[in-house]
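Thank you all for coming. I would like to walk through this structure slowly, for anyone who is meeting it here, and I will take it one topic after another.

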Amino acid sequence: MIGDFIEYGKWLSNNNLDDFGKDTKDADYIFVVNYNDGEFNLDNLYLKNNVNDHLNYFDKSIFSQDFLISTDQRFMIPSKSNLLGLSPFFIKLDHDFLKNGETDSQKIQKFKNKIERSINSNSNNKEFVAALSNIYADSENFIKDCALDNEKKEIFSSFFLNNTFEDVSLLIVNYYKFILENMESIVSRIIELKSSDDYDKRSRPNFYLSCCFGDSLDLINDLFIFYSKIFKKRDEKINDFDEGTCSFCGRESITYSSLGSYALSKSASFNFSENMSNSRLRICKLCNSYLRTAEDNLKKALNGPMMIIPKSKGIYDYESFVKISNLEDKSSFSKINEFLKENSNQFNYDLVFYNEGKGNTYIINKYVENYQAFLIDFNREIKLYDNGLNYLFNEKYFENIEEDTRFVNNLFDLEKIFKYLFIKFDDEQIKYPNLYHFYNIYTKDLTGSSGILYGFDSKTVSIFAKYMHSIFNFIYELNEDALNKKMINELFLNVLIKLQRNGTNKKSYKCKILNYLNYYFMIIKEFLGESMLEDENVKKLKEIFSTYHKDDGGKKISEEDEKKIFETIEKDVSLKYYLIGQFISLIDNTKSREGKNSDIFSNFVLNANKNNIKKLFTTEVLQKNNYYIGGMNKKGKFIFKILENNFNELFDEDDFYFEDYLLLIFTGYYTENILSSNYGA
């Protein structure tokens with residue numbers, strides 16, 4: 001990762017695509033100061049996109065191309081309580097000097113205090129003057145470490161030859177004094193502009209003070225830009241280790257890396273005692289600047305706290321990657337898709353999800369090596385709906401189905417299905433987790449007011465936390481081994497139980513339950529290779545039971561059909577529990593027609609556990625409903641015969657989980673009842 005950062009950052013720097021400090025925008029205002037005949041002169045305020053006519057920077061200075069500013073403490077030399085900027089000659093101005101339409105003296109005094117602190121600090125050889133002292137103390141190595149071309153080296157050498165440390169440091173202090181002397185004019189012009197019709201507050205502009213010398217003195221800006229970018233320490237208390245060797249380029253002297261996900265501490269670096277000699281990450285200042293350049297660029301390339309890291313296969317040309325990164329009309333994963341399609345021959349990609357910390361640090365929550373989910377062909381044809389529910393024996397479905405949900409075209413289509421497995425009821429409304437993609441598990445809190453599962457019950461939170469990484473691994477890392485039957489059973493049974501518990505006679509969730517069961521059988525059959533409730537076996541039962549109905553003349557179930565039923569169940573034991581669901585449905589439907597509580601199924605599934613399921617079925621379903629069982633049609637009574645045939649093995653089948661029984665019973669209960677006297681008539 002770090003080596004890849006360095007290569008990318010080096011390419012950006014060499015191709016002038018380094019966006020370090022490029023944080024000003026066209027709608028910002030620049031207050032121009034010119035330096036003529038040894039004096040500073042206050043000009044006026046201009047929009048950034050109009051200011052070039054009023055500035056004449058030295059053409060070899062960085063500022064002849066663009067203004068550079070940052071308030072990031074990793075780069076910035078001044079204290080945050082002073083005037084802020086990467087250079088003393090381009091600083092960010094306070095501009096909120098009004099309160100309720102009136103001048104606020106406290107805000108003006110606050111601005112004045114910043115100026116005075118900056119004067120005092122630099123007069124006492126701190127901040128910019130202290131950095132300047134470090135630069136002049138070893139100007140040759142400064143030029144060498146900046147990795148400049150020969151022309152720039154000569155220009156900087158000439159600058160150091162013609163401008164002493166004392167002259168430049170005095171210029172800085174005098175400039176700050178000039179700002180203090182002209183503070184009232186600066187404040188009044190800002191207030192005047194902000195009160196005029198020319199000011200567009202919707203663009204939320206910033207205000208900056210820019211001093212232009214018009215000659216090589218403009219290179220002072222460049223000195224501080226390079227210093228901030230390359231030489232400024234992450235922690236001034238930690239000295240560089242001059243005898244150390246950079247692991248990436250072989251240069252001597254290593255520094256405390258500014259990498260946001262790295263920290264020197266006893267937990268991160270063995271035998272650490274604020275001594276760089278013990279640092280695990282051994283990196284020189286120049287490589288560190290490349291790393292920082294790449295890190296900042298990649299954090300901006302995608303929306304949200306994620307990065308995709310290009311890992312070159314030997315060709316270090318990132319032009320296409322940068323072009324895609326800069327597309328403003330594409331979502332993060334659309335960009336990632338483009339990266340993979342356009343550059344997979346030149347690069348592999350690592351995908352990083354992180355949480356921002358304090359001071360531009362971040363914690364990597366998930367690192368996916370060689371991410372390629374979009375490149376993998378989805379060699380399955382999964383159609384969820386046709387004339388009915390395709391994975392639920394073509395069961396009829398009575399809710400509208402959006403066309404784009406009829407098929408599963410790739411693993412990402414399963415994200416929504418997995419998301420919908422976690423629900424809560426809020427004023428009888430079903431609510432789903434606060435996440436759009438499952439990678440949000442690495443970018444958001446799980447609970448709390450803005451968390452993914454805010455307000456969800458503890459059991460659902462526990463199940464989500466238990467399986468969220470497996471779901472991510474399945475979808476984003478193409479790891480089908482991340483799924484297993486026990487996991488899928490627990491996920492689906494939990495949501496079905498919730499729907500059952502919250503359903504009433506007036507509010508039934510039958511359609512939702514059927515849809516979940518269709519999803520369930522699709523997943524276990526397509527991705528786990530399960531053969532439970534094979535369509536052909538269910539079809540055989542339907543064909544047999546369809547011949548026995550209220551209009552069949554009272555004929556009994558033939559011995560041949562009985563034999564076929566027993567053989568089919570022996571072949572697919574799951575059919576037994578599907579038929580139990582049908583059997584309970586027959587009881588509940590009969591009780592409902594007689595105006596009695598039809599809650600046998602609910603009482604059973606909501607109270608069953610792996611230790612009591614057989615006893616509960618015997619007492620609550622069979623014994624307490626003996627009257628209704630005795631009055632059943634021949635198909636219903638035949639189910640009782642099936643149960644008697646292998647009663648000792650009931651709810652004690654080989655290779656069955658407890659959840660299997662309830663999911664199959666749910667399936668039988670809610671699908672078309674083939675035991676009904678009307679079925680087949």
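**Two helices that meet**

Let me begin with a contact between two helices, in which Ser-228, Lys-229, Ile-230 and Phe-231 of H8 meet Lys-285, Leu-286, Ser-289, Arg-292 and Thr-293 of H9. Before going further, I should say that what you see is a predicted model, and please keep that in mind throughout. Sorted by class, the residues in the contact of H8 with H9 are three nonpolar, three polar and three charged. Two packed helices are described by the angle between their axes and the distance between the axes. Here, helix H8, which covers residues 219-231, and helix H9, which covers residues 285-301, pack at an angle of about 90°, and their axes are 8 Å apart. Angles of 65 to 115 degrees count as roughly perpendicular, and therefore H8 is described as roughly perpendicular to H9.

Let me turn to the interior. Which residues have the most contacts inside the largest nonpolar core? They are Phe-418 and Phe-604, and the core to which they belong has 216 residues. The element that gives the most to this core is helix H15, residues 510-526, with 11 residues. If you look around Phe-604, and leave aside its neighbours within four places in sequence, you will find it in contact with Ile-584, Ile-613, Leu-616, Phe-617, Val-621, Phe-651, Leu-662 and Ile-665. There is also a second, separate core, this one of 17 residues, which includes Phe-67, Leu-86, Phe-90 and Cys-212.

That last residue brings me to the cysteines. A disulfide is a covalent bond between the sulfur atoms of two cysteines. How many disulfides does the structure hold? The number is zero. Cys-211, for instance, is in no disulfide, and the nearest cysteine sulfur to its own, that of Cys-212, is 7.3 Å away. Why is Cys-212 not bonded to Cys-211? The sulfur of Cys-212 has its closest cysteine sulfur in Cys-211, and at 7.3 Å this is too far for a bond, since the pair would have to lie within 2.5 Å to count as a disulfide. As for their surroundings, Cys-211 counts as buried because its relative accessibility is 0%, and Cys-212 is buried as well, with a relative accessible area of 3%.

I would now like to visit some single residues, beginning with Ile-642, which lies in helix H22, residues 634-645. Ile-642 has a relative accessibility of 5%, and so it counts as buried. Not counting residues up to four places away in sequence, Ile-642 touches Ile-565, Phe-566, Ile-569, Lys-576 and Leu-579. To give a sense of distance across the model, Ile-642 and Leu-217 are 425 residues apart in sequence, and their C-alpha atoms are 98 Å apart in space.

Set beside that pair another one, Asn-410 and Phe-378, which are 32 residues apart in sequence and, from C-alpha to C-alpha, 5.6 Å apart in space. Asn-410 is found in the loop between strand E14 (407-408) and helix H12 (414-419), and with a relative accessibility of 30% it counts as partly exposed.

Is Lys-114 buried or exposed? Lys-114 is buried, with a relative accessible area of 15%, and its place is in helix H2, residues 105-123. Apart from residues up to four places away in sequence, Lys-114 touches Ser-81, Asn-82, Leu-83 and Asp-94.

Next come two residues with a positive phi. Asn-100 has a phi near 55°, a positive value in a residue other than glycine, and it sits in the loop between strand E5 (98-99) and strand E6 (102-103), where its relative accessibility of 78% makes it count as exposed. Ser-253, also not a glycine, has a positive phi near 85°, but Ser-253 lies in a strand, E9, residues 252-254, and at 18% relative accessibility it counts as buried.

I will finish with Asp-66, in the loop between strand E2 (39-47) and strand E3 (84-87). Its relative accessibility is 22%, so Asp-66 counts as partly exposed. Leaving aside neighbours within four places in sequence, Asp-66 is in contact with Lys-22, Thr-24 and Lys-48, while Asp-66 and Asp-23, at 43 residues apart in sequence, are 9.9 Å apart in space from C-alpha to C-alpha.

Technical notes:
Residues are numbered from 1 along each chain as its sequence is written. This is a predicted model: local features need pLDDT of at least 70, side-chain atom pairs count only at pLDDT 80 or more; totals for chains, interfaces and linings use all residues. Side-chain values use heavy atoms; hydrogens and water are left out. Axes are lines fitted to C-alpha atoms, for helices over the stretch in contact, and angles run from 0 to 180 degrees between N-to-C directions. Helices (H or I, at least four residues) and strands (E, at least two) are DSSP runs, numbered from the N terminus. Angles under 35 degrees count as roughly parallel, over 145 as roughly antiparallel, 65 to 115 as roughly perpendicular and the rest as oblique. Contact means heavy atoms within 4.5 Å. Ala, Val, Leu, Ile, Met, Phe, Trp, Tyr, Cys and Pro count as nonpolar, Asp, Glu, Lys and Arg as charged, and the others, Gly among them, as polar. A nonpolar core is a set of buried Ala, Val, Leu, Ile, Met, Phe, Trp, Tyr and Cys residues joined through side-chain atoms within 4.5 Å. Buried means under 20% relative accessible area, exposed over 50%, partly exposed in between (1.4 Å probe, protein chains only).
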